[in-house]
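Got your viewer open? Load the model, switch to a cartoon, and let's walk through it stop by stop.

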Amino acid sequence: MTEILFEKYRPQTFNEIISNNEINAEIEATVNSGSIPHLLFYGRAGIGKTTMAHVIKNRLFELNVLSKFLEINASDERGIDTIRDKVKTFARTGNGNKDQFKICFLDEADAITNDGQNALRRIMEKYQKNCRFILSCNRISEIIEPIQSRCTIYGFKPINKIDGINQLQMINNKENGNIEEDYLEAIFNKSNGDMRKCINTLQSSLNGSHRKLSEVFNIDTYDRIIEAIMFGNLRQPLIDLNELTEDPRDIVLGLYESVFKKDLDCSKEFYIALGELDRALISGGIPKIQFAWFVNKV
Ligand SMILES: Nc1ncnc2c1ncn2[C@@H]1O[C@H](COP(=O)(O)OP(=O)(O)OP(=O)(O)O)[C@@H](O)[C@H]1O
Ligand SMILES: [Mg+2]
């Protein structure tokens, strides 16, 4: 089986983590002191939250202050039973050495039910000495306030462009790929700062399934959509838009790239509508409906 590159290049130490430099430095300094508070990481997908929890674990084991590490992915086990049984049992049992503590890492913690979170907050408080919690999630608003207030919170940002492209270049070199810089940049631009997505696209490019930039961007389809809209045709572009399989926000980006690259003479209204489409999608608008609004608006 081919190796999954984003796992192969998952940082193992603090100095391998890219972007979010201030957060990294602060967490590293805390961890080097030999102890940590409860931590809560939030932010978009593929930007290093899970990676950070593992790097912390590695360093604490090196420092010999960590006795055990339990990891639970809350999107698989989200109910109160897991919290009461697995988590509580782990947290309360002694670790036999007063200078050591345990860590329970709850990944995708925003999936934990409300009951589960309420049970968790009591466990966090009661067994604080014995066990520290690291929670990671996409939507911090789904984490109840009493848990938030027991944690030191870090909001991770999307990967910075220069760091992201350098990382892709490093992987490309190590894999003996010969993908060009502007192609790597295009991969990055399409990713919204999601490094996992970047590395996955790079991997399919290295495997030869996407050789041309146009394939990464689906440029032909986007060109066709834009052209049709400009000629006042509404039905076909809507069908095309709904058939695209990428993330709806990537579609907005694809439309933009297509217009921008060709220097098409689009009206001011076009760009305004594109911006409104983007905002509507971020705030949870149904893509099909928003696309219909968009093609009718421009
Ligand atoms: N800051 C980073 N530095 C280097 N590589 C990174 C970074 N962030 C992400 N990656 C790459 O992306 C992969 C996925 O990252 P990670 O699992 O940490 O994402 P996440 O933020 O936990 O995302 P999700 O919200 O989807 O769980 C890593 O294996 C690594 O290859
Ligand atoms: Mg994660």
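One definition before we start: a residue is buried if 20 or more other C-beta atoms lie within 10 Å of its own, exposed if 12 or fewer, and partly exposed in between, with C-beta atoms placed from the backbone. This is a predicted model, where local features need pLDDT of at least 70 and side-chain atom pairs count only at pLDDT 80 or more, while totals for chains, interfaces and linings use all residues. Residues are numbered from 1 along each chain as its sequence is written, and chains are lettered from A and ligands numbered from 1 in the order in which they are written.

**Stop 1: the whole chain**

Zoom out. The C-alpha trace spans about 75 × 45 × 35 Å along its principal axes. Of the 298 residues, 32% count as buried. You should find 15 helices and 5 strands; helices (H or I, at least four residues) and strands (E, at least two) are DSSP runs, numbered from the N terminus.

Now color by domain: domain 1 is 20–155, domain 2 is 161–213 and domain 3 is 218–297. Those bounds come from an automatic or database domain assignment. Drop a centroid on domain 1 and another on domain 2, and the C-alpha centres lie 32 Å apart. Across that boundary, 5 residues of domain 1 are in contact with 5 residues of domain 2, where contact is defined as C-beta atoms, placed from the backbone, within 7 Å. The domain 1 side of this boundary divides into 2 nonpolar, 2 polar and 1 charged residue. For that split, Ala, Val, Leu, Ile, Met, Phe, Trp, Tyr, Cys and Pro count as nonpolar, Asp, Glu, Lys and Arg as charged, and the others, Gly among them, as polar.

**Stop 2: the N-terminal end**

Select Lys8, in helix H1 (residues 5–8). Is Lys8 buried or exposed? It's exposed, because 12 other C-beta atoms lie within 10 Å. Draw a distance from its C-alpha to that of Glu243, 235 residues away along the chain, and you get 33 Å.

Move on to the loop between H1 and helix H2 (21–32), where Ser19 sits. Most residues other than glycine have a negative phi. Ser19 has a positive phi of about 65° although it is not a glycine. Asn20, in the loop between H1 and H2 too, also has a positive phi, near 45°. Ser19 is buried, with 20 other C-beta atoms within 10 Å, and Asn20 counts as buried because it has 23 C-beta neighbours inside 10 Å.

**Stop 3: the parallel strands**

Select strand E2 (residues 66–73) and strand E3 (residues 101–107): they run parallel, joined by 7 bridges. Strands are said to pair if DSSP finds at least two bridges between them. Phe69 has Ile103 in E3 as its bridge partner.

Add helix H4 (residues 80–92), and you have a right-handed β-α-β unit made of E2, H4 and E3. Right-handed here means that, with the strands pointing away from the viewer, the path from the first strand over the helix to the second runs clockwise. In H4, turn on side chains for Thr82, Ile83, Val87 and Ala91, which are buried. Their cover includes E2, E3, helix H5 (114–126) and strand E4 (131–137).

Next, follow the chain into E4. E3 and E4 pair in the parallel sense over 5 bridges, with Lys102 opposite Cys131 in E4. The crossover from E3 through H5 to E4 is a right-handed β-α-β one. Strand E1 (residues 39–42) also runs parallel to E4, with 4 bridges, and Tyr42 has Cys137 as its partner there.

How many of the 7 residues of E4 are buried? The count is 7 of 7. Cys131, Phe133, Leu135 and Cys137 point one way, while Arg132, Ile134 and Ser136 point the other way.

**Stop 4: the cores**

Show Ile56, Cys104, Leu106, Ile134 and Leu135 as spheres: they have the most contacts inside the largest nonpolar core, which has 49 residues. Such a core is a set of buried Ala, Val, Leu, Ile, Met, Phe, Trp, Tyr and Cys residues joined through C-beta atoms within 7 Å. Domain 1 and domain 2 each contribute at least three residues to this core. Apart from it lies another core of 15 residues, among them Ile229, Val252, Leu277 and Phe291.

Finish on Leu106, which touches Ile72, Ala74, Ile112, Phe133 and Leu135, leaving out residues up to four places away in sequence.

Definitions and conventions
Two residues are in contact if their C-beta atoms, placed from the backbone, lie within 7 Å.
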